[in-house]
Amino acid sequence: MNTPNARWTATLVGAALLCTTAVATTAGTVAAHADDHVVKTVTAQAAKPVLLKGSTKASYFWDDASGRMGDTGLPAIGKPMQKGLFASPSWPLGTEGYVEYNGKKAPFFIGDRGPGVPSESGVMLDIDGKTFAQLTGGTFSDSSLVVTGFSAGHIKVNYVITKWGTGVGKKNHPVPFSTGAWGVYDHNPAKPVTPAVPAGN
């Protein structure tokens, strides 16, 4: 029976389904655009000359000046905390490149100092929590600032430097925070990586 109440209910259900579809489509589109941006940025970085390549253990952080995880304020570079902002114990602020973990690549720029004490044990890179979650398949919580769904706090990443920052800091393989290399201008940067010559040439 097609009563006014039945028609009204059907209209509401239809509208709700349309809204749900629109929200899901919008969320999917936003995620796709974010993924596209990462791919384009990594592709752009990969097209630049390679200044340094290596590997290191990496941890993660999120310093938003809220004090929730004991952070000491906004990042040293003076920009707000954001995806792609990494910390190094020795590279100059503004250094750019990308990291690779299990076949996934992510662009970065050095915007803060750290890890501190962990760098003494070979943890030479602090990845922002959102990128860490993206690389590991975990989930970053904006409320707790913790990555869940991935049990390890450290991962081994390959890094590629495509641009050195212009300020103080060591323009070579990272060294522990305690060396003070982060505060000294490096007049002798690492030589750019020579591209491999294909066999038979």
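## A tour from a salt bridge to an aromatic cluster

Begin by selecting Asp142 and Lys130, whose side chains meet in a salt bridge with 3.7 Å from N to O. Asp142 belongs to the loop between β6 and β7 (147-148), while Lys130 is in helix α2 (residues 129-136), so this contact ties together parts that are 12 residues apart in sequence. Lys130 itself is partly exposed, with a relative accessible area of 31%. Bear in mind throughout that the model on the screen is a predicted one.

**The other salt bridges**

The structure holds three salt bridges, and the next selection is Lys48, Glu96 and Lys163, which are joined into one network by salt bridges that share partners. Show Glu96 with Lys48, where the closest N and O atoms are 3.5 Å apart. Because Glu96 lies in strand β3 and Lys48 in the loop between α1 (4-46) and β1, the pair ties together parts that are 48 residues apart in sequence. Keep Glu96 selected and add Lys163, with which Glu96 forms a salt bridge whose closest N and O atoms are 3.8 Å apart. Lys163 is in strand β8 and Glu96 in strand β3, so here the parts tied together are 67 residues apart in sequence. Colouring by accessibility, you will find Lys48 partly exposed at 32%, and Lys163 partly exposed with a relative accessible area of 40%.

**Strand β4 and its neighbours**

Now select strand β4 (residues 104-113), in which seven of the 10 residues are buried, so the strand is largely enclosed by the rest of the structure. On show with β4 should be β3, which runs antiparallel to β4 and is joined to it by six bridges. At the hairpin of these two strands, which has two residues between them, look for Asn102, where phi is positive and near 50°; Tyr101 has Lys104 of β4 as its bridge partner. Then add β2, which pairs with β4 in the parallel sense over four bridges, and pick out Phe86, which stands opposite Ile110 in β4. Before leaving this region, select Lys79 and Phe109: the charged end of Lys79 sits over the ring of Phe109, 5.1 Å from the ring's centre.

**The aromatic rings**

The structure holds eight aromatic pairs, and two of them are worth a stop here. Select Trp62 and Phe140, whose ring centres are 5.2 Å apart and whose planes meet at 45°, so the pair is tilted. Trp62 lies in the loop between β1 (52-61) and β2 (85-88), and Phe140 in strand β6 (residues 139-140), so the two rings tie together parts that are 78 residues apart in sequence. Trp62 is buried, with a relative accessible area of 11%, and Phe140 is likewise buried, with 13%.

Move next to Trp91 and Trp164, where the centres are 6.4 Å apart and the planes stand at 70°, so this pair is edge-to-face. Since Trp91 lies in the loop between β2 and β3 (96-101) and Trp164 in the segment after β8 (155-163), the pair ties together parts that are 73 residues apart in sequence. Trp91 counts as buried at 0% relative accessibility, and Trp164 is buried with a relative accessible area of 12%.

To finish, widen the selection to Phe86, Trp91, Phe108, Tyr159 and Trp164, which form one aromatic cluster. Phe86 has already appeared on this tour as the residue opposite Ile110 in β4.

Key
Residues numbered from 1 in each chain as written. Predicted model: local features only at pLDDT ≥ 70, side-chain atom pairs only at ≥ 80, totals over all residues. Heavy atoms only, no water. Phe/Tyr/Trp six-rings, centres within 6.5 Å; stacked < 30°, edge-to-face > 60°. Buried < 20%, exposed > 50% of the residue type's maximum accessible area, 1.4 Å probe, protein only. Lys NZ or Arg CZ within 6 Å of the ring centre and 35° of its normal. Pairing = 2+ DSSP bridges. Salt bridge = Lys/Arg side-chain N within 4 Å of Asp/Glu carboxyl O.
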